[in-house]
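User: I should like to understand how the descriptive terms for a structure are justified. Please explain them one at a time.

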Amino acid sequence: MRTIAIGTLIGLAAAAIVTAAPADAAEHPRLDRLVKLQDIRRHQHDLQKIADYNGGTRAAGEPGFEVSTQYIVKQLKKAGYRPKVQDFPFAYFKERTPAVFDRPGGPVYKYGTDYATLDFSGTGDVTATAHAVDPDGTGVGSGCEPADFAGFTKGDIALVKRGGCTFSDKTSNAQTAGAAAIAIYNDGAAPDRMGPVEGTAGQAWQIPIIGPTYQLGTDLVKASADGTLKLHIKTNTINEQRTAHNVIADTDRGRADNVIVMGAHLDSVTKGPGINDNGSGTATVLTVAEQISQLGREIKNKVRFAFWGAEEEGLLGSTYYVTHLSAAQKATIALNLNFDMLGSPNGRRGVYDGDDSEGSGTNPPAGSGAIEKVFNDYYGERKLPTSPSVFDGRSDYGPFIDNGIPAGGLDSGAEKLKTPEEATIYGGEAGKPYDGCYHQACDTYANNNATILDQLSDGAAYAVQVLAKSTLPVNGERSAVRQAAARPAAQAAPAGLVTR
Ligand code: DTR
Ligand code: ZN
Ligand code: ZN
């Protein structure tokens, strides 16, 4: 009914909209109008301030995340909710001081330019002979097989090339072989595999793990050929268990056996304040939570607002939430809506490809295509084109679809490059990342495209309103306990973690 009303309005002359809108709005409040850009920007501004006064980051395990959590709790209470904070443990990693890398008596390499430190590197100060470990990657890949380390002298430094297996596999083999440190240099296999290797070794390790550039690594392998190359690697890191949190709040109204979970991750990466990723989604979900009571009895299905922690560490908060639901609780969840990166400066209107029309091969749960259509119908009415966004599980909807729960959402793009076709549709710059500040210190309040953010938050609000009224096209809106069949785990690295 609402869709017809919108369509009719758009079809009419502008004057008709002006006269028709107020009366219509009074009778039928529209969440896409109640959710205002100004309120979203205010919340983003508050999150920026929290980061500014807490070391420039809101990453899980950091004070900026704790204050962000308190902020959401306070805002939700002010809006009349009784939010719950769900704690969960996670493996925290931080580099205390930048790693040092040099050739004793020779060049001193530059941190961040010539090499990086991998996440979960151990602490150490090693000066030792360096040996190239199967640099040609015969078999699986350099350092991927224990046999690659046959004859490796304990206490020496392993020079390993990227590729063929995870950083974790390479480090495990090196540590087992007695290496005192490992340098995993880039493989030059693509333009984005030339610079320092930045990624995660998955779990805490004893030995230092650094990632030299392709050029430096290749030079060092040559220099090591006669067995006399000495290198110095020094790292100082923290590896410890810390606590992160999800914040969760339900509407009073609505069926508790057909719940819509609307979520966004609250945490940022360590490097920056994360105001597009994901202050934009956080502020949108919070603003929807603040306004939804205006819909009154139109809320037939309960809406659960979720602010996930430690998404950037590998979807940890949403995974913890979903895996700690009983089968009966899981069966009460109708669907998940996820909002991650809605304000990318060079962005586009991306709608999660729930019907897998692009064939990205994720086999989404039934109902995900219907959610995609809800969004696309909305933008269709507004004559705003959209693009299917790869439904690869790289955000907090991943654990939901892995458990057979349909999902959908919007995003304006991350580190990938805008295509010429997209530049024609959305403006902006082809060949440049959607968000040039993705996972960097410059992901600030200013790093948001207000137009895209406004439009995507409208779509988020609209979808919640429509689905809170009925989930019929998604799940038949049945209240019987559903069997949530577990699906095989997603292939993609969660949250875009670089693991290999
Ligand atoms: N999960 C995001 C980045 C990301 C990459 N691809 C998508 C697609 C849809 C939403 C988000 C993303 C991050 O937090 O880094
Ligand atoms: Zn991110
Ligand atoms: Zn994100």
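Analyst: In sequence, the donor residues of the zinc ion (ligand 2) follow the spacing D-x34-E-x126-H. This is a predicted model, in which local features need pLDDT of at least 70, side-chain atom pairs count only at pLDDT 80 or more, and totals for chains, interfaces and linings use all residues. Residues are numbered from 1 along each chain, ligands are numbered from 1 in the order in which they are written, and side-chain values use heavy atoms, without hydrogens and water.

User: What makes D277, E312 and H439 donors of the zinc ion (ligand 2)?

Analyst: Donors are N, O and S atoms within 2.8 Å of the metal (3.2 Å for Na, K and Ca). D277 (OD), E312 (OE), E312 (OE) and H439 (NE2) coordinate the zinc ion (ligand 2) at 1.9 to 2.5 Å, so they meet this limit.

User: Which residue coordinates both the zinc ion (ligand 2) and the zinc ion (ligand 3)?

Analyst: D277 coordinates both, and the two ions are 3.5 Å apart. D277 lies in the loop between β8 (255–265) and α8 (279–291), and E312 in the loop between β9 (301–308) and α9 (316–323), so the pair ties together parts 35 residues apart in sequence. Helices (H or I, at least four residues) and strands (E, at least two) are DSSP runs.

User: Why is T251 called buried?

Analyst: Buried means under 20% relative accessible area, exposed over 50%, and partly exposed in between (1.4 Å probe, protein chains only). T251 has 5% relative accessibility, and therefore counts as buried. D277 and E312 are buried too.

User: What is T251 in contact with?

Analyst: Contact means heavy atoms within 4.5 Å. Leaving aside neighbours within four places in sequence, T251 is in contact with residues including Y81, I292 and F305.
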